[in-house]
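Here is a tutorial chat about reading a multichain model. Have a look at it first, then we'll talk.

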Amino acid sequence: MSAVADTHSQEHHHGPAKGISRWLLTTNHKDIGSMYLMFSFAMFLLGGSMAMVIRAELFQPGLQIVQPEFFNQMTTMHGLIMVFGAVMPAFVGLANWMLPLMIGAPDMALPRMNNWSFWLLPCAFLILVSTLFMQGGAPNFGWTFYAPLSTTYGPPSTTFFIFAVHIMGVSSIMGAINVIATILNMRAPGMTLMKMPLFVWTWLITAFLLIAVMPVLAGVVTMMLMDINFGTSFFDASGGGDPVLFQHVFWFFGHPEVYIMILPAFGAISHIVAAFSRKPLFGYASMVYAVGAIALLSFVVWAHHMFTVGIPLAGQLFFMYATMLIAVPTGVKVFNWVTTMFRGSLSFEAPMLFAVAFIILFTIGGFSGLMLAIAPADFQYHDTYFVVAHFHYVLVPGAIFGIFASAYFWLPKWTGHMYDETLAKTHFWLSFIGMNLAFFPMHFLGLAGMPRRIPDYALQFADFNMVSSIGAFMFGVSQLLFLFIVVKCVRGGEKAAAKPWDGAEGLEWTVPSPAPYHTFSTPPEVK
Amino acid sequence: MAEPQPQHGKRSNGRVIAWCMAGVVGMFAFGFALVPLYDVFCEITGINGKTAGRYEAQVTNQADANRTVTVQFLASNGPGMSWEFRPVTRSIKVHPGEPVTVNFYAENGSDQAMVGQAVPSLSPAEGTLYFHKTECFCFNQQPLEAGESTEMPLVFIVDPELPEHITKLTLSYTLYDQSQKAEVSGAAGAAKTTNNNG
Amino acid sequence: MRVHAKRAVALAAGLLSPAVVVADWTMNMTPGVTGTSNQIFSLHMTILWICVAIGVVVFGVMFWSIFAHRKSQGAKPANFHENTVVEILWTIIPFAILVAMAIPATATLVEMYDTTESEVDIKVTGYQWRWQYEYINEDFGYFSSLSTPRDQIENRQAKGENYLLEVDNPLVIPVGKKVRFLLTANDVIHSWWVPEFGVKKDAIPGFINETWTRVDEPGIYRGQCTELCGKDHGFMPVVVEAVPEEEYNAWVAEQREAAEKERQLTQKDWTLEELMARGEKAYATACAACHQADGSGAPPAFPALKDSPIATGDMTAHIDIVVNGKSGTAMQAFGNQLSEVDLAAVITYERNAWGNNTGDMVTPKEIFDYKNQQ
């Protein structure tokens, strides 16, 4: 695999058009991947600044900075933007950049559609963010938008929110179709399914999840639209509807959605841990099966988000057992990563630091997930800060750290330069400490009885909230450092070799750094 | 599927897209199908406590005089509903199998004709399957003139098959103001004239 | 004037109280005061320790690798990458641990679902943003709203010990008896939670849910609404007072009497001052959350009452909107939520406060007649 020599002579820039039309009209997977990543980072900062507003308000008891109406808009928009604007597009960006390089394809299978699916996103988020300036304010019913708070009692901007969700749904579905077509049809000769890199595998499964659940999300918001504007009563008890039905349909989408945000990170982390352990990944096949099992199980656990709505005993038990079962394949993955590190030859560059933090902190999030799965105990945890701590522990170190690890891992390939390792390590430690400071105390707050989504709280919660806010500010500010590191890396720095990490494996390292505008015009041979 | 395609085969992209789109359309339809499916599922299992429509089956079961079940009645008003609405009998002990009649009282204290619709809910939800209504005001909308009052009947049978551990059933009705929806559908007599928000 | 006097007293009381700063570093779940909450607590602790044990093993191996197998220490990588036996083992062992966890969890859940043989039945209805408690066998009920003054929330006054966890009328239940709660909601979904009981259940509009508790220790227990229900979701606490049985019976008798007295009060002759005084209180609990204490509202959803055409115009229209609400808006029908006396007081207050000096007054009797007219 290391056959292709890395020489500067291969950098042939005859591809990209000049000026704005390069970006508007491009069908090049690398350009589109970059745009996805830049867009997602912009959204990450926007959603993050909303989190800063939330944490600033919660710094002390009492209402200081914002009123409850606006606070609710902030929690809602923070959730929506982070889920749909930051995490999902970032993974699509990574997929765009890396899938063709990893499977030896010249581009994505459907390049034109690729361009559309990206440009839909800014449109969707322009609409979503514009609701902040509308009369009655932005959506204020939480990112889970439970009816009837979001239907009968929703602000006038709800219709725009629904429209935005539709557009981003279309974008995700188009992205998913593209990924599936690329992986199924564009692999280099000899790359059988079970020889595919894990990032490719996890993305293939993620894409199937997207195809399966994004239409359900589109369906549920369409039902809301009809309830609001056309007088139907899907979720309105007064017309014979059922508000709990909303939750069933929403979480049928919502739970697989959680795995959509984590599975690609599983794949990327598997590469990174193996690379910096200088040892092949332990249990490749079981990793693939575990991801498949997690994806399948994700369809039969949705009601664990609804243990308190009054599901009958048999239902509670079923969903409790099914949810607990997810711990088995997830555990297998963690054991595999740890065993990969065991008796390796480890070094701790920034990608590895983020990957190790990913494993530790994601496991902690998994533990609290297991606790939440225990239905009787969930009656105490449900809708408290314990839940907030749990899902931030799986999403921040899971999805976000996974993305950072991937970014540092592949930045040399993208830019042709090494990033500043010292700054990157600083970024890691600031993020790591900030993140734990922000979210670990939330476990205590939840256990002590603080409900989520409240703008003000009783005095016994004051100390931990202050700690949490300080951690959040620290985490927030350190992300600007990441921006600086990336810009610096794009503009210059030590030249990166084709394979800058001695332990790394895969076709992407056989092309020069930066990867030429067109790669694998003739497919490589995989043995 | 896995056969190597040296030409980066473009041929089968169309097929992949077609399959994926079929999946997308199918799942979108499935989302909507969840609504009736959920209703059917609830009707079979009774999980959401929504009691079924009119009970048509022949009552062949003898009343089980050895067993009594308490049936408790609750009445709530939906938002904006100003009627006085309450059960005449708060709770009643019944033998499973016997038909029982109880009344609910409703009075429209406002100065305009209104239409109400009662929505039933039973707890524990497990009992829903064993609670049969042969006659209920909740089957129809309830129009009341300004100041008019009425007693609305409910006839029900508790199924003798009701699981042993259930000794008390609570039937709750929430009364919703359907005047505006009724107006839209034709009866445009007493259009509301109060336009100002208060 | 009276407002300022009251504020001054409250402020003085707040400053004198030694318990203003009660912030603590509570880290764990409360074991609570009921059988259910204790079982949940022990489940919680068991699972926590199991997780800690697994964590120690997994992270132990990991940190061992991190310290012992570093490249900088000259570690040479091994080349193993699969071992079927190990992989089967670490699939089966976690599964066995899960089964061991599921058994006690199932037992607890079964018990939590057993609502039979209750001795007191209370209907709990969630409203935006307060709770209504109805003692369905006793013929009385009341609303329970946040009693923390706005001044404390807006930092103009020192915060009291039970900041945001105090209400005007707590729920009162007898100790040692099985109390069954029937939950529903009027507008959106709320969730009723008392951590020390281990009881949390959603209150869903149009649907009825049930749960139960048996409290053995008398005391005051505090919780909150835990389902996002709009603007004041953070401001609708649950306060339950568990009292010995005799005390409870006396309280019930008193409440029934009070309900009767309320009916008589309706007949009494009220003066404008009396109505204004009562109206200010009723306004603060029922109306101020939306229309604001100074009547300025928060347009467009919550119109101002100061100088509004309704509060200064036709009296009947004003009564109508307060009693019957306005469908399609956030304005609820207060006819069934407030007593005739409070309705009359609130309307009178709104027509005379904040410079709406209409001099109008409506008596409880007139409200009563209005409700029963024709």
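What follows is a conversation between a learner and a teacher.

Q: What kind of model is this, and how is it numbered?
A: It's a predicted model, where local features need pLDDT of at least 70, side-chain atom pairs count only at pLDDT 80 or more, and totals for chains, interfaces and linings use all residues. Residues are numbered from 1 along each chain as its sequence is written, while chains are lettered from A and ligands numbered from 1 in the order in which they are written.

Q: Which feature does UniProt place on chain A?
A: UniProt positions use the numbering used here, feature names are shortened, and annotations may be inferred rather than shown by experiment. An unreviewed UniProt entry puts "domain: Cytochrome oxidase subunit I profile" at residues 23-527 of chain A. That stretch is 68% helix and 0% strand, with its end C-alpha atoms 36 Å apart. Helices (H or I, at least four residues) and strands (E, at least two) are DSSP runs, numbered from the N terminus.

Q: How do I check a helix such as H5 of chain A against its expected span?
A: Take 1.5 Å times one less than its number of residues. Helix H5(A), residues 158-185, has 28 residues and should span 40 Å; its end C-alpha atoms are 40 Å apart, so the two agree. Helix H12(A), residues 350-373, has 24 residues and reaches 33 Å, close to the 34 Å expected.

Q: Are those two helices buried or exposed?
A: Count the other C-beta atoms (placed from the backbone) within 10 Å of a residue's own: 20 or more is buried, 12 or fewer is exposed, and in between is partly exposed. In H5(A), 22 of the 28 residues are buried, so this helix is largely enclosed by the rest of the structure. H12(A) is mostly covered, with 23 of its 24 residues buried.

Q: Which residues have the most contacts inside the largest nonpolar core?
A: A nonpolar core is a set of buried Ala, Val, Leu, Ile, Met, Phe, Trp, Tyr and Cys residues joined through C-beta atoms within 7 Å. The largest one here has 338 residues, and those with the most contacts inside it are A:Ile180, A:Phe354, A:Phe358, A:Ala405 and C:Val346. Helix H3(A), residues 68-103, gives this core its largest share, 22 residues. Leaving aside neighbours within four places in sequence, A:Phe354 is in contact (C-beta atoms, placed from the backbone, within 7 Å) with A:Phe401, A:Phe404, A:Ala405, A:Tyr408 and A:Phe428.

Q: Where are the domains of chain A?
A: Domain bounds come from an automatic or database domain assignment. Chain A is divided into domain 1 (18-247) and domain 2 (262-519), and their centres, taken over C-alpha atoms, are 19 Å apart. Their contact takes 42 residues from domain 1 and 43 from domain 2. On the domain 1 side, H3(A) gives the most, with twelve residues.

Q: What is the make-up of that domain 1 side?
A: Ala, Val, Leu, Ile, Met, Phe, Trp, Tyr, Cys and Pro count as nonpolar, Asp, Glu, Lys and Arg as charged, and the others, Gly among them, as polar. The side of domain 1 of chain A that touches domain 2 divides into 29 nonpolar, ten polar and three charged residues.

Q: How many residues do chains C and A bring to their contact?
A: Chain C brings 80 and chain A brings 79. H3(C), residues 84-112, supplies the largest share of the chain C side, 14 residues. That side holds 43 nonpolar, 22 polar and 15 charged residues.

Q: And how many residues of chain B are in contact with chain C?
A: 32 residues of chain B are in contact with 36 of chain C. Strand S9(B), residues 168-177, gives the most on the chain B side, with five residues. The chain B side divides into six nonpolar, 22 polar and four charged residues.

Key
Two residues are in contact if their C-beta atoms, placed from the backbone, lie within 7 Å.
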